[in-house]
Every structure is written in C-alpha cells, then in structure tokens.
Amino acid sequence: MKKIDKELRVLLLDGLGGPMSRRGFIKRVGAAGLLLGASGFLAACGGGKETTTTAGGGSGGTTESLSKELYFYNWSDYIAEDTIPNFEKRFGVKVIYDNYSSNDTLLAKLQSGATGYDIIVPTDYMVTTMLGLGLLQPLNLDNIPNVVNLYQRFREAPFDPGNKYTIPWQWGTTGIGYNSAKVPDFKPSWDMLWDEKYKGRITMLTEIRDVFAVALFKLGYSPNTRDPKQIEEAKQLLIQQKPLLKHYTSDTYIDELASNDSWLSHGWSGDVFQAALENDAVKYAVPTEGALTWVDSMAIPKGAPHKYTAEVFMNYICEPEVAAAISNYVFYASPNEKAEQFLDPEVLNDPQIYPPKEVMDKLTWLEELGKDTELYNKAYAELKAA
Ligand code: N2P
C-alpha cells in the first residue's frame, strides 16, 4: 500500500499538541460532529436563516432553498476529514453525520420506520432491495449536473441505469486483511479464515450476504445461489468456523488489524488499507476461489425531510476534487472519472484499489434474490444462534 506522505498523514497533531493517529482523528471528528449536531450548534453557524443558494451549474432554474440541516447516514470510516466541513462552510448547511456498518442494519432501520435521514449509502444489491420495497425516492438530476463526471459504467449500473435513484459514492472489493508478520504462511485463500492455528485472531464481517459469500466461494458455489442445500452446507461451514473467531465485526477490525489484535480479517479493501497505513505488516488479498466487488451509492429515502439539499450535497460529492479527496483518504476507488487527475498516483495506480480488468473480470457482484433472500436471512439467524 501507499507509503508516500505517510508520516504527514499519520501524525496529525491533536488540539493538545500531541501526536495522534489518523484513525484517532477520524474518530474524534466523528464524535464531535455528532455532539455538535445534538446540541443545536446550528444557530451559531449561520444556519438560522433560509439560504437561497441553488446547486452550482444547475440548468433547471430551480428556486428551491437549502435547508439548515442535512441528515447523512453513511458507512463508518468512509469519508475524508474535510468533506463535510467544506460543504458546511460553502453552503451554510449543518450536516448531522451518523454511521452504520452493514446493509442489514441500514435496511432494518428504514423498515422500522426511521424517517429523518436525507441521504443513505446502500450497496448495489441493496439498492434493488430498497427499490422493490419502495423505500427510495427518485432524484431530480437537474440538481445534480455533476453526475456527468462519473464513469459511463456508473451511469448505467444495472441496479439503477440512468442514476434515477442513486449516485455512486465509492467502490471496492471484499477480501482478507492479514498481518504478514503474524501469519507467515498466508495464502490468498478463504481457507485461511478456518485455520485452527489462528484461533481467536480471526474476524468476519457482520453482513448476511458477505458472510455467506465466503463460505459459498470456499465450497465452489456461487454467492448468488438459491439452492437451499448449498446454503445449508455454507451454514454448516460457518458454524464450524465460529469457535475460531475473535468475533464478527464490520467496524472494529481496522483498529484491531492496526494494533496486531486481529491477524486475519474478512474485510473491505479500503478498510484494510486504512489499517495498513498504521501497521506495515497489514496486507490485503483477494482469494483465488473468488471474491465480491461492489459499489455503494447515495440515495434519498422516502420521507427524507431535505430532498433538495440532499441533491445539492450529491452534486458536491460529484465534484472531481471532492470525490478524489474521499478516495485519497479512505483508499476505496472513486466512481468519478474526472476525479482521476486529483487522485494520489499511489491510489490511482494501486492495482488493489483500481484492479486491472483481468482481476475485475473474475470478481462477482451480489444479486438481489427477491424472496429467496429469506433463505439467507434464516440461515444467518441459525448461524448466529448456533
Ligand atoms: C467502509 C465500508 C465499505 C462498505 N468502512 C462496503 N460496502
């Protein structure tokens, strides 16, 4: 992974003048953001008045007003430190930022009737699920003219051709983060996550389809299988694995890899690279039995209180420099073609962040399985209970 400007990025100084890790910085910024949001900080930052700014470059001649606040619910560890502050400064909107770490959590939250989020960031197959359930509302692309900056393939994604409901945020792969010093016999195989030698040092993501994908790949089956027998076999394999696990986690494994507490983690590419920034021994591999690729996209839930402002935010994210800054910080690939010129060369030229076509061709996308999703939900509940 990238080494250049490592010192500069890792040794950010905190308010007390002491050295603080970049991860510590992300966490503190996140916590402060929530506190400020909760304490009605808004009035102090100029949000008390209705602003009449409209989306830059929009040709629709809209006169809609920006709201004072914007509620953004995103994955953890998935944004640059200045993405939100810069938006707040420029548009005079206070962003209330909250995090989740699985599509399952996000879906459950929306299904339980949580309203109030203006922007969420579901994964490709989950967009299809949410559209099927009528949970999303169509975008007014007149407010998002910067959508033209995206690569064509992200303008025509099968889950939402034409970006009628979603604007891609970041994309990546799912593989294994490992500690090359502690696991000298590492092989790029899912079998590593079942190696008894590493009992107590292995973690798995908390995401139904992702977890089953690992076992299905290991068995030589498709992660999109609808065959109850194959899903049952995968469940048995995952039950066997349970005693070897430190735990299931989708948000603490970055720190655990970085601090040598976990040695083998089922994880998302950029998360592992974030750990590698702090611990040189941490590496990432895409297992040869097969692995997933995915893209997460911004969407507006039905009932969102600030739809127009959400679209202005999406347009801002589609600015090449803003999009590039996110990728430069979280080490996931950007769906924004125009961002390439602003990407750190170490990011753009890293074949683990932007895999070459021959690697991409071997990766699999999760498919939305309609009512057969229930087979996975049931098997996962049984796995958790076992
Ligand atoms: C970022 C998680 C990436 C989301 N921490 C995987 N879909």
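Modeller: A polar contact is a pair of N or O atoms within 3.5 Å. Keep that cut-off in mind for this predicted model.

Colleague: How far is a nitrogen atom of the ligand from an N or O atom in the side chain of Asp296?
Modeller: Asp296 belongs to the residues around the ligand. Its side chain offers an N or O atom to a ligand nitrogen. The cut-off is 3.5 Å. The distance is 2.9 Å.

Colleague: Which residue puts a polar backbone atom 2.6 Å from a nitrogen atom of the ligand?
Modeller: Asp271 uses an N or O atom of its side chain, at 2.9 Å from a ligand nitrogen. The contact at 2.6 Å involves a backbone atom instead. That atom belongs to Ser76.

Colleague: How much of the ligand's accessible area does the protein cover?
Modeller: On its own, the ligand has 260 Å² of accessible area. The space it takes is the largest cavity. The protein covers 98%.

Colleague: Over which residues does pLDDT stay under 50?
Modeller: The chain's mean pLDDT is 87. Where pLDDT is low, predicted coordinates should not be read in detail. The stretch under 50 still has 102 contacts beyond four places in sequence. It is residues 1-62.

Note on methods:
Residues are numbered from 1 along each chain as its sequence is written. This is a predicted model: local features need pLDDT of at least 70, side-chain atom pairs count only at pLDDT 80 or more; totals for chains, interfaces and linings use all residues. Side-chain values use heavy atoms; hydrogens and water are left out. A residue is near a molecule or strand if one of its heavy atoms lies within 4 Å of it. A polar contact is a pair of N or O atoms within 3.5 Å; within protein, one must be able to donate a hydrogen and the other to accept it, and residues adjacent in sequence count only if both atoms are side-chain atoms. Accessible areas come from the Shrake-Rupley method with a 1.4 Å probe; for residues, only the protein chains shown count as cover. On a 1 Å grid over the protein atoms alone, a cavity is a set of points where a 1.4 Å probe fits but cannot get out, and a pocket is an open set with protein on both sides within 12 Å along at least five of seven lines; lining residues have an atom within 4 Å of a point. A molecule sits in a cavity or pocket if more than half of its atoms lie within 2 Å of its grid points. pLDDT is the predictor's confidence in each residue, from 0 to 100. Contact means heavy atoms within 4.5 Å.
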